[in-house]
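Work through these exercises with the sequence and the model side by side. Try each task before reading its solution.

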Amino acid sequence: MSKMFQLLGQRRFGAQLSAWLLVTFAVAFGGQAAAAAPNPQDPPPVFVQAVADALLSVLKADPAVRNQDVARINEIVQTNVMPYVNFEKTTRLSAGKHWRDATPEQRAALVEAFRSTLVRTYAGALSKIDNGTSMEVLTFRGDENAKDVVVPSSVVQGTNVQPIRIDYRLEKTPEGWRIYDLNVENIWLIQNYRGQFSQEINRSGIDGLIAALNKRNNQ
Amino acid sequence: MTMANARFASFKRLFLISTIVTLGGCASTQGPTDPADPWESMNRGVYAFNDELDRGLFRPVAELYAFVTPRPVRTCIRNAYLNIGEIWSAINSALQQRHFDAINTMGRFMFNTTLGLGGCIDVASMNGQPRIANDFGVTLGVWGVPQGPYLVLPIIGASSVRDGAGDVVNLVGNQLDTIGMIKNVPVRNSLWGLEFVVRREALLTVSKTVDSTALDPYSFIRDAYLQRREAQVLGDADAQSLPDYEDYEDVKADEKALGITPEKSP
């Protein structure tokens, strides 16, 4: 319900509310209710599959996603992805040794700026999602009792298109599993941002990095 | 990738221009240099040149191609080109002693060439056998040749000393031995030209994303390239290629607990 009040507070809530209600009904009564809510206490492969299924069913039902409505995608990510992700860790590892020099305010600002950047990064890919899109967790070869595991998956985007390999890296927290890194076709997200982050921080400090990220986000 | 002989003259000219661009516009690089990229300022020059050329010529052509050709047709043509490349991938898998990959790739080739109508339809992927891309740069890596400094090549783009050398062999193995065998020169060159456009078109969304989200597209591409090549050399050894990030949150907590003030790094 709190989600609904958040929405009510938004500027363009009229159109969004009706769209949102439609989606809610579609999800609740459209047969997709069968997909159980992701449970972070489940074994990692089960958990990752549940997160992906829930996210995909929301994305498929939302026409705003196809139009790359970044504001809407942001909301969906906030509700359907962020609860299962330790994004502070993603940002911290990307910032490397510079994290130590950042004040709590800078850290919060960096986390938010980075999150927006990634939402924009994936908005294009998410807009291509249609009914032919599915994600299937591949054979999990890790140890479910370990604290840090990798879950491989394959994303199929319709027929006659090469499936994309995506791996998720998770860590065990007291609240259950949390995703913190992502590998798309052999490229780890954090590893790929570390260089750029440290380059930008060396040049213009942590505030400079936050400003650079936000500048791109507002373009 | 596509180096038609007919274009060699213009290539030489481009190389010359790129050298001038490099010498003239050495990008000032601040901060410590990446040990993997000691030639960064030269590379950035070539990168800037490639980027100009791409925006002015290759990208518009690829966009036009995407505009006039329906998506299923584009997918079909792209698959057909990838299919021809499977033979060379399989040879490299074999050279790397990855016989399982080599057999799978040859299986894909035969399956897709026949049932997939000349590679147009990727039947093998639909049946759970995804493509295993391979080339001679990876083979050299598996044989123990180090990556060497990162190198941005004119037109081709991201490469390294090892992969650049590998590309010379790739050119012979993957191009001159396939499309290069076609005796009709206009047909052969058209096929090569089309391949270039097709390959560029496949990357349109990627370059759009890099443009709009990377802080520094040059290092974004470099880091992604080096990471992917390293993973290709290591193969599918999942655990081996897991990056080990240093986590500075814990360090701080520990220091706090021990009563040590963390030293400020410059």
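The exercises below go from one chain to the contact between chains.

This is a predicted model: local features need pLDDT of at least 70, side-chain atom pairs count only at pLDDT 80 or more, and totals for chains, interfaces and linings use all residues. Residues are numbered from 1 along each chain as its sequence is written, while chains are lettered from A and ligands numbered from 1 in the order in which they are written.

**Exercise 1. List the helices and strands of chain A in order.**

Step 1: Apply the rule. Helices (H or I, at least four residues) and strands (E, at least two) are DSSP runs, numbered from the N terminus.
Step 2: Count. Chain A has eight helices and five strands.
Step 3: Read along the sequence. The pattern is α-α-α-α-α-α-α-β-β-β-β-β-α.

**Exercise 2. Work out the strand order of the sheet in chain A, and explain why E1 and E5 each have a side without a neighbour.**

Step 1: Find the pairs. Two strands pair if DSSP finds at least two bridges between them.
Step 2: Set the order. In chain A, the sheet is open, its five strands run E1-E2-E3-E4-E5, and the pairing is antiparallel.
Step 3: Look at the edges. E1 (133–137) and E5 (187–188) of chain A each have a single partner strand, so one side of each lacks a neighbour in the sheet.
Step 4: Check one pair. E1(A) joins E2 (residues 148–157) of chain A in the antiparallel sense over five bridges. Thr133(A) has Gln157(A) in E2(A) as its bridge partner.

**Exercise 3. Describe how H2 and H8 of chain B cross.**

Step 1: Take the axes, which are lines fitted to C-alpha atoms over the stretch in contact, with angles from 0 to 180 degrees between N-to-C directions.
Step 2: Read the geometry. The axes of H2 (residues 40–68) and H8 (residues 185–202) of chain B come within 9 Å and cross at roughly 85 degrees.
Step 3: Classify. Angles under 35 degrees count as roughly parallel, over 145 as roughly antiparallel, 65 to 115 as roughly perpendicular and the rest as oblique. H2(B) and H8(B) are therefore roughly perpendicular.
Step 4: Name the residues in contact (C-beta atoms, placed from the backbone, within 7 Å). Phe58(B), Val61(B), Ala62(B), Tyr65(B) and Ala66(B) of H2(B) meet Val197(B), Arg200(B) and Glu201(B) of H8(B).

**Exercise 4. How many residues does each chain give to the contact?**

Step 1: Count. Chain A gives 32 residues and chain B gives 39 residues.
Step 2: Find the main source in chain A. H8(A) provides the largest share of the side that touches chain B, eleven residues.

Notes:
Contact = placed C-beta atoms within 7 Å.
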